[in-house]
Amino acid sequence: MKTRHALELADIKAVAAAAEAAALDNHWAVTIAIVDDGGHLLWLQRLDGAAALSAHIAPAKARTAALGRRESKVYEDSINGGRFSFLSAPTLDGMLEGGVPIIKDGQCLGAVGVSGVKSTEDAHIARAGIAALGL
């Protein structure tokens, strides 16, 4: 039997605070979503001025990154490269850059998804949040 790591509430709050700080430092109005390894929503935070649609896109990006155990950008790049079959992948509806998995010892613990600014900036915020865990 294996032992698994899991995100705790303190971890989620640390990730959310660091992601929020990164967004606010850059004056970016975004929504931040954190999910567990099964893609279940643990945290959703829509900053002042963030578009309403971002509250749907951020969790979708996070879910895609967690379930796929890779950045959501991988799927976007594949689709943009002509592999349109990914558009029919079940349960992956956030195939845009900005979803980043949380990996510890090769195991996916969950993911952070951000939406509201350029996708590279969304990913920057997600990575800044994950960095707070010191993994």
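A polar contact is a pair of N or O atoms within 3.5 Å; within protein, one atom must be able to donate a hydrogen and the other to accept it, and residues adjacent in sequence count only if both atoms are side-chain atoms. In this predicted model, local features need pLDDT of at least 70 and side-chain atom pairs count only at pLDDT 80 or more, while totals for chains, interfaces and linings use all residues. Residues are numbered from 1 along each chain as its sequence is written, and side-chain values use heavy atoms, with hydrogens and water left out.

One such polar contact, of 2.7 Å, joins the side chains of Thr-31 and Ser-54. Thr-31 lies in strand 1, where strands (E, at least two residues) and helices (H or I, at least four residues) are DSSP runs numbered from the N terminus. Because its relative accessibility is 0%, Thr-31 counts as buried; buried means under 20% relative accessible area, with a 1.4 Å probe and protein chains only. Beyond its neighbours within four places in sequence, Thr-31 is in contact (heavy atoms within 4.5 Å) with residues including Leu-44, Ser-54, Ala-58 and Val-114.

Strand 1 belongs to an open sheet of four strands, in the order 2-1-4-3, with antiparallel pairing. Strand 2 (41-46) and strand 3 (99-104) stand at the edges with a single partner strand each, so one side of each has no neighbour in the sheet. Two strands pair if DSSP finds at least two bridges between them. Strand 1 (residues 31-36) and strand 2 are joined in the antiparallel sense by five bridges, and Val-35 stands opposite Leu-41 of strand 2.

At the other end of the order, six bridges link the antiparallel strands 3 and 4. Here Ile-103 faces Cys-108 in strand 4. The two strands form a hairpin with two residues between them, and Asp-105 in the turn has a positive phi of about 50°.

Ser-54 leads to helix 2 (residues 54-68). With 15 residues at 1.5 Å a residue, helix 2 should span 21 Å, and its end C-alpha atoms are 21 Å apart, which agrees; the expected span is 1.5 Å times one less than the number of residues. Among the buried residues of helix 2 are Ser-54, Ala-58, Ala-62 and Ala-65. The elements that cover its buried residues include strand 1, helix 3 (73-80), strand 4 (107-115) and helix 4 (119-131). Just after helix 2, Arg-69 takes a positive phi of about 55°.

Methods
Buried < 20%, exposed > 50% of the residue type's maximum accessible area, 1.4 Å probe, protein only.
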